[in-house]
Each structure stands twice: as structure tokens, then as C-alpha cells.
Amino acid sequence: MSAQKPRWVSAFPFLLFCVSSVPTRGGAGLLREPSPQDYFSSLQAGRASLAYFSHDASPGAQPFLEQIENSAEALQDYGISVVKVHCPREDVSRYCGKENVLRKAYLFRGNMLIREFPTDALFDVDAVVANVLFALLFNEVKYIGTLADLQNIENAAKGRSDIVFAYVPATGTAEHRAVMEAAFVYGTVHQFVLTTEATLLKDTGNDKPDVSSAQLLFCHCQHATDLAQPCRRTAMGQALTLLNIHRHLKLMGAPLVTEVAEDPEKVSTVHLQLGLPLVFILSQKETYEADRRTAEFVAWQLLGKAGVALLSRDLVDLNVLLRSNVALKMPDERVPIKYLALEDTDEVITLVEDKNKVEQIQEEEEEEKDTDNQDVQDDQVVEAVSRDKKRELPLEQILALTEETFRSALLEATRTVVLFYASWEAVSLAVLRSYTEVADHLKGTRGVSLSRVNCWDWPAVCTKENVTQFPTIKIYEKGERSVVYDGMWATEELTSFIVLSQVSCPLKLATIDEAERYLRGEFPSELSSYHHTSLLGVFSTATSEAREAFEEAGNILSGHVTMGMYFEDDASALSRKYAVSPPALLLARSRGQSVEGIALSKQSAQDMLQMIRYELLDIFPEITVQNLPRYLQLRKPFLILFSDGDSSQMESEEMLKLAKGRPQRAFVACWLNVRKTPVGRGVLKTYFATVPSLPVLLWVNLHAGGQVFRFPPEQSITEANILSWLEKLNAGLEVPSSTLSEEDWKPPLPAYDFLQMMETAELPFHTSHRHGDTPAQHPPENPGGDVPIQETKAEKVGSPGRDLRGTAPRLAAREKQGKRHSEL
């Protein structure tokens with residue numbers, strides 16, 4: 001399997017993740033006893049289902065039922081349902097008629113039987129998940145029994161992909177499950193191979209393998225240069241768990257040697273982020289080739305144990321002795337870099353592998369050591385939180401709520417904003433920082449109260465409010481109707497949403513004067529300092545159906561736009577002024593300096609909602625990370641101007657004239673400033689081998705063929721020249737500069753119900769004592785560094801029985817996949 005080339009939008013991975021990660025509501029559970037007819041009629045094509053057919057009094061079935069019921073939530077994460085089918089006594093069909101059949105479970109994909117499992121093979125949750133995934137991933141995970149089989153697979157993979165080879169003493173174990181779950185995540189990136197043959201493990205080159213323990217080898221075949229030799233193999237030294245496999249694969253995917261030309265203090269690699277040291281080989285121009293070979297040799301010896309970087313003295317002014325040839329950087333930023341003069345590569349390897357040697361260096365050089373030394377994960381948000389962990393957040397303006405105070409606090413203010421978060425989760429802590437800035441912006445705003453609920457301390461509150469992912473923000477009106485915030489987490493966007501949600505949407509206007517002031521941005525008063533586009537619906541008494549649809553659309557858009565509504569007897573006077581007939585929409589940009597009248601021909605709320613969202617888009621927008629999804633949803637070709645800074649006035653005027661033309665509604669005319677949005681350079685590198693000179697005008701059709709056409713650079717960017725060029729494109733007279741891949745971008749995995757996951761922690765946890773609590777088990781503390789938070793009195797109140805165990809999200813959900821397994 002070879003990794004597919006990225007699409008154009010792959011330059012926006014973080015944005016697309018936020019846009020596409022929609023939570024799946026509803027908990028996992030066993031579908032209770034449908035009849036065989038109901039079960040088979042409910043099967044969906046392509047969807048996998050594990051079914052057990054049972055009579056009322058099937059002997060010995062209860063222990064098995066408990067195990068598959070416990071596995072239902074884990075299997076639901078992979079889109080597999082678990083069903084107990086009730087067989088009537090008179091049913092003599094294939095699945096219900098024979099008693100020995102009732103001692104089996106059946107795996108279907110759609111209505112096609114994939115595999116029969118004896119119930120004694122599904123003896124616990126690990127066995128259920130492992131065997132079911134193994135059956136579904138049959139074409140992706142190769143099971144082998146001999147060394148010749150492994151060599152054949154390696155030969156086929158050379159130059160194409162790497163191989164993950166796993167040995168498990170038996171199928172259905174926790175280790176087998178971990179390999180299958182890893183295969184689900186990485187199966188399109190690496191070839192997975194599995195065996196239970198101990199002799200094969202010995203044949204791979206390990207002199208004294210422990211055949212009683214599961215083991216994993218990473219076979220480096222993708223860049224194999226000698227086709228006659230076996231691929232290099234790197235063993236994973238840790239226990240075979242999903243976390244360790246993910247960590248090992250991240251290390252194997254990192255560059256073998258990183259060349260750096262900056263202060264080592266500022267260097268950050270995946271090895272440091274995963275808690276491993278980084279070895280610098282100090283080089284100079286005269287000995288570069290030899291130093292490069294040395295660095296590569298050391299890197300292969302330390303693969304999976306440490307990172308290796310080649311640091312050029314010619315490019316970096318190092319204030320160290322000239323005889324120093326090696327530097328060691330530990331993952332803890334508080335430990336200074338150690339510069340050494342070593343004799344040979346064996347000493348470098350010993351420096352890393354001998355923990356006593358590393359501890360000795362730390363003790364000699366470190367003045368102050370904090371015992372809480374946690375690994376920084378390979379996650380940008382976690383890393384950012386860790387770097388800023390000593391900053392104390394000003395939470396005085398944000399009320400901390402508990403089970404006792406939550407409901408009463410909602411009734412005290414007209415509008416209460418509540419942040420539901422987990423104090424151990426990095427994204428929650430990052431959003432909490434934005435939230436404090438929002439509180440500062442809204443300080444003194446009447447009728448708005450900002451509060452927070454730590455779902456680790458008060459899970460019952462979060463469960464009752466249907467909060468299934470962290471963080472979540474809800475706005476409550478007098479403790480009743482609530483609106484969920486689904487926008488970007490930046491301070492400006494969040495503040496805007498809270499301010500706009502103060503005003504009824506749509507806002508009913510009583511007089512023409514109010515309507516005119518509303519179009520000028522003067523009404524209501526709480527929005528007078530807020531710059532926005534105003535929408536005013538004008539209706540007569542005979543257009544009640546359109547008015548109801550407009551109101552419904554306003555309820556959906558509450559917090560995102562401002563919408564007014566005028567339907568008094570003198571609505572015709574307002575209509576005549578702007579040359580429209582009710583029902584109509586008046587769109588006021590730039591505080592009423594320009595009012596556009598649009599007839600409302602659509603009567604349904606969904607059609608009106610779509611039309612409003614379209615009309616709110618800019619005519620010639622600047623594409624940014626924040627607004628890209630809105631324009632991608634139009635599914636139209638892009639005529640996009642890339643510029644190195646603000647586009648020139650002449651180019652902007654010509655493009656604006658083009659965009660205003662009615663025939664040009666068939667595409668999106670836009671521009672992108674690569675200085676303001678640096679990811680644009682990555683987009684251009686995807687289109688071309690190198691970034692062309694700017695400005696450059698491109699036609700990109702992401703939704704039909706993925707072809708990229710470049711406007712002739714020798715022509716000036718004018719409306720006439722562009723229209724002539726577009727005519728040639730339509731006639732098929734232009735040759736595309738490049739064609740994008742057809743990879744389908746989807747959410748990597750469904751969202752997880754973290755509150756449910758707290759019940760069964762998957763990662764090691766620490767034990768600590770809370771105020772007034774007995775010792776309890778807690779989630780992984782300081783996952784990249786807790787943010788110092790001053791507890792309020794409400795948070796210090798102990799609550800008996802708070803012994804839930806926290807857990808981190810499954811790694812599969814956080815790792816971007818090459819492609820989702822469509823068969824699941």
C-alpha cells in the first residue's frame with residue numbers, strides 16, 4: 001500500500017479536522033432482541049454487524065452475552081454494531097433452527113455473512129474486538145507462517161511501503177487487539193503482517209526471543225536500496241499496547257537525521273515531544289560528508305531510542321569549546337543542553353542507552369530538578385500548553401459552577417455562558433485561555449455571565465447537559481433554551497458569538513424608523529460598536545408562510561448573524577424605497593452605506609437558510625483558514641489570486657468587476673495573501689514543483705477533476721483578459737498545470753464520549769489527594785503541563801464518591817489517517 005498524494009485542501013489539516021469532527025450522539029449499547037426478520041431488514045449495505053441468535057433459555061449464554069455487550073462501545077468506534085437477535089421457538093431458519101448454531105456469533109457486512117465465530121473464541125472484550133477487526137481487515141493484515149512468506153511480502157513492498165510485523169502468542173489477546181486497532185488507523189500507510197508462529201519470530205534474527213511475549217518489528221522497506229537484501233528491522237522495546245505502537249510508528253516515520261541551522265535550544269523534533277533525547281552531531285563544512293555518514297550510523301543504532309540531528313557550526317554561532325563534537329538535549333526543557341567531546345560512536349550510543357550516564361549528566365549540570373517530569377506529546381496544542389504552563393490564568397471573572405450551584409446560577413443572569421471542559425485535557429486548557437480573554441472583553445456587559453464547569457470534578461452536570469466532548473460552550477437564556485457554540489475557538493470569534501446571541505434572531509422591529517436605524521447599524525444599542533452585515537426581512541400580512549420560514553432560519557443562525565424582521569401595515573413604504581416587493585430581504589453592508597434588495601422566492605426554512613448564508617459571503621473574498629469552509633461548501637470552481645501581501649488596486653478592481661458580473665456566479669472569485677496566510681505557499685508547492693513568482697492567478701476545480709490552470713503570466717490581470725482566458729478553458733484549449741488527487745477527505749474517526757470513557761481508563765493514571773477526598777484515581781496529570789488555576793471556594797468543596805477514572809482520547813482519533821476504511 002502506498003500513501004496517496006495530498007489534495008489541495010490538505011494544506012489546511014487543522015482547519016479541516018475542526019470542520020469535519022462532528023460528534024456522534026448517543027451511547028453505545030446492545031440492540032435488545034429484535035426478531036430475525038427485523039434484524040435482517042435493518043442491515044445497511046457496507047455496514048458491519050456482529051449478531052448472536054438466542055432463544056429465551058439458551059444454556060450458558062449469559063457469560064458470553066456479557067462480554068459482547070461490554071464490547072459494543074469499543075466496536076461502535078469502528079462503525080460495527082452488536083446485536084442480540086431473539087429466536088422464536090417455532091423458527092427453524094438457518095440461524096435459529098439448530099442448537100449448535102446458537103453457540104456461534106455471526107459477522108455480517110450488509111446482509112453478507114463474513115465470518116462465523118464460536119462463542120468460546122469471544123471470551124472477553126479484547127477477543128471480541130481483535131477477532132472482529134481481524135476478519136474485517138482480512139485483505140489488509142496478512143497472516144503468515146514462514147520466513148519465506150515474510151520475505152515475499154518484503155520484496156513486494158520494497159520501494160512502496162514499510163511493513164509492521166507483529167508476533168502474538170495467541171489471537172484474541174489484548175496484544176492482538178492492539179495490533180488490529182493500529183492496523184485500522186495505519187493500514188493505508190503501512191503493510192501490516194501478523195503471525196502466531198514462534199519459530200518465525202526466531203527466524204527474523206532475534207537470537208533469544210521471548211516467545212511468551214508479543215513483539216513488533218518495523219521493517220524499513222519503502223526506501224530499501226538493495227533489493228537483494230532483507231529490509232532493515234527495528235524492534236519495539238515496549239509492551240505491545242496501542243499507545244506504544246502509535247509512539248513507535250511516529251518515531252519510525254520521523255526523518256532519520258535532521259539537519260538544523262539554528263540554536264539547539266530552539267530545536268524541537270518528534271523525539272523530544274515523545275520524551276526521548278536528541279543527539280546533535282556537530283559538523284563543519286570541511287567534514288560535512290563524513291559527519292553526515294557518522295550521524296546516519298548513530299541514528300540507525302539509536303532508532304526508537306533517541307533522535308539524531310546534524311548541526312553545522314558554520315551556520316550557528318555556538319558559544320562552546322571547539323573540541324566539542326556532540327551535544328545532548330533532553331526532553332525536559334529545564335535541563336540544559338550538554339556539550340561533550342567523545343572519542344567514537346560507541347560513546348554516543350552508551351550516552352543514550354546507559355540511563356545512569358544520562359542521570360549523572362543531569363545531576364552534574366542541573367541546579368534545580370522538578371520530580372514531575374512528564375513526556376510532551378506529539379501534539380501542537382499540548383506542546384503550546386506545556387510551554388506556557390507557568391502562566392497563571394486570571395479566572396476571577398469566570399464563576400466556577402458545581403452540581404449544587406449550576407441550576408441556580410443559570411437563573412440569576414439573563415444570559416449565562418458556560419464552558420464545559422476537562423482540567424487534564426490540553427485543548428480544554430487552551431480554550432480556557434481564550435475564554436479568560438473573552439471575559440476581559442465583556443467585562444461590565446449587563447445581562448451576561450461567564451462561568452465554567454470542570455467535567456472531571458462534576459461529571460453528573462455534564463452528562464445531564466448532554467456534553468459528550470471537550471471543550472463545549474453553551475449559552476443559556478434564563479436557564480431554559482440553550483445554544484451550542486460551534487465556531488472557531490479564537491477570542492474574537494467567541495466574543496462575537498456571545499455578543500450577537502444577546503439580540504433576538506430575528507429581531508422584530510416595530511417602526512420604519514427602527515428598521516432604518518437597524519440598516520445603518522444603530523439599532524439595537526448593544527450592537528452599536530460592533531461591525532457586522534445586517535439582514536432585514538420585509539413581509540406583508542399575506543406572506544405569513546415566508547415569514548415563518550425566515551423566523552426558523554433566524555433561530556438556527558442565532559449568534560452568527562444579525563437578522564431583523566419588519567411586517568407592519570406600512571411595510572409597503574419600506575419596500576418601495578428599496579424597490580422590492582414583500583417578501584423581500586434587505587442586505588446592508590458597511591453600516592447601511594449600501595443596501596441591496598433581494599426577492600424571497602423560497603418558502604422553506606432550509607432553502608432560505610442556504611440563501612442567507614450565500615448572500616452573506618463577500619463578493620471578492622480574501623481566503624483565510626477561518627473562512628475557507630464556507631466557500632468550499634459552495635462546491636464551485638475557484639478563480640483565486642495568490643499575492644505576496646495586499647493585492648494591487650488595479651488587480652483588485654479588475655477582479656471585483658469580474659466577481660460582480662451575474663454570469664460569474666458559476667465560480668468563486670477570491671484572493672489569498674501568503675504573508676497573512678502562510679499556508680498558501682504550501683498550497684502552491686502542491687500545485688507546482690516550486691512556488692512561482694507572485695501574483696499568480698489560478699483556476700482550480702476541486703470538485704470536478706481537480707485540474708489546476710494557470711493564467712498566462714505574460715498577460716496583465718484585467719477583466720477582459722480573464723474572460724477571454726476562461727472561454728478558452730471552457731472550450732478545452734488550455735492545458736492544466738497540474739491535476740490533484742481524488743482522495744476523499746473524511747473525519748478520521750467519530751467523536752468520542754469522554755464521560756463514558758472515564759469509566760474505563762485506557763492509560764496509566766496517577767493517584768493524588770484532593771481537598772476533603774479519600775485517595776482517588778485521576779486521569780493523566782499534566783499532559784504537557786497543567787495551567788496554574790486558582791481554585792474558588794466552590795471548587796474546593798469535596799464531593800463523596802468522585803472516584804471516576806479519567807482517560808485520554810484514543811490515539812486513533814487524534815492521528816490523521818491516510819484514508820478511512822470504507823468497508824467498516
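Looked at strand β17 first, residues 415–421, in what is a predicted model. I found it mostly covered, with 7 of its 7 residues buried.

Next I checked which way the side chains go. Arg415, Val417, Leu419 and Tyr421 point one way from β17, while Thr416, Val418 and Phe420 point the other way. Both sets are buried, Arg415 included.

Then I wanted the neighbours of β17. Strand β18, residues 448–454, runs parallel to β17 and is joined to it by 7 bridges. I picked out Val418 of β17, and its bridge partner in β18 is Ser451.

Strand β19, residues 472–477, also pairs with β17, but here the strands run antiparallel, with 6 bridges between them. I looked up Thr416 here and got Tyr476 of β19 as its bridge partner.

How is the link from β17 to β18 built? I traced helix α16, residues 426–441, and noted that β17, α16 and β18 make a β-α-β unit, a right-handed one.

Last entry: what does α16 pack on? I found helix α18, residues 491–500, with the two axes 9 Å apart and at an angle of about 50°. That angle falls outside the roughly parallel range (under 35 degrees) and the roughly perpendicular one (65 to 115), so I put α16 and α18 down as oblique to each other. The crossing of α16 past α18 is right-handed. On the α16 side I listed Ser434, Tyr435, Glu437, Val438 and His441 as making the contact. From α18 the contact residues are Thr491, Leu494, Thr495 and Ile498.

Terms used: Residues numbered from 1 in each chain as written. Predicted model: local features only at pLDDT ≥ 70, side-chain atom pairs only at ≥ 80, totals over all residues. Heavy atoms only, no water. Buried < 20%, exposed > 50% of the residue type's maximum accessible area, 1.4 Å probe, protein only. Helix = DSSP H or I, 4+ residues; strand = E, 2+ residues; numbered from the N terminus. Pairing = 2+ DSSP bridges. Right-handed = clockwise from strand over helix to strand, strands pointing away. Axes fitted to C-alpha atoms, helices over the stretch in contact; angles between N-to-C directions. Parallel < 35°, antiparallel > 145°, perpendicular 65-115°, else oblique. Left-handed = near helix turned anticlockwise from the far one by under 90°. Contact = heavy atoms within 4.5 Å.
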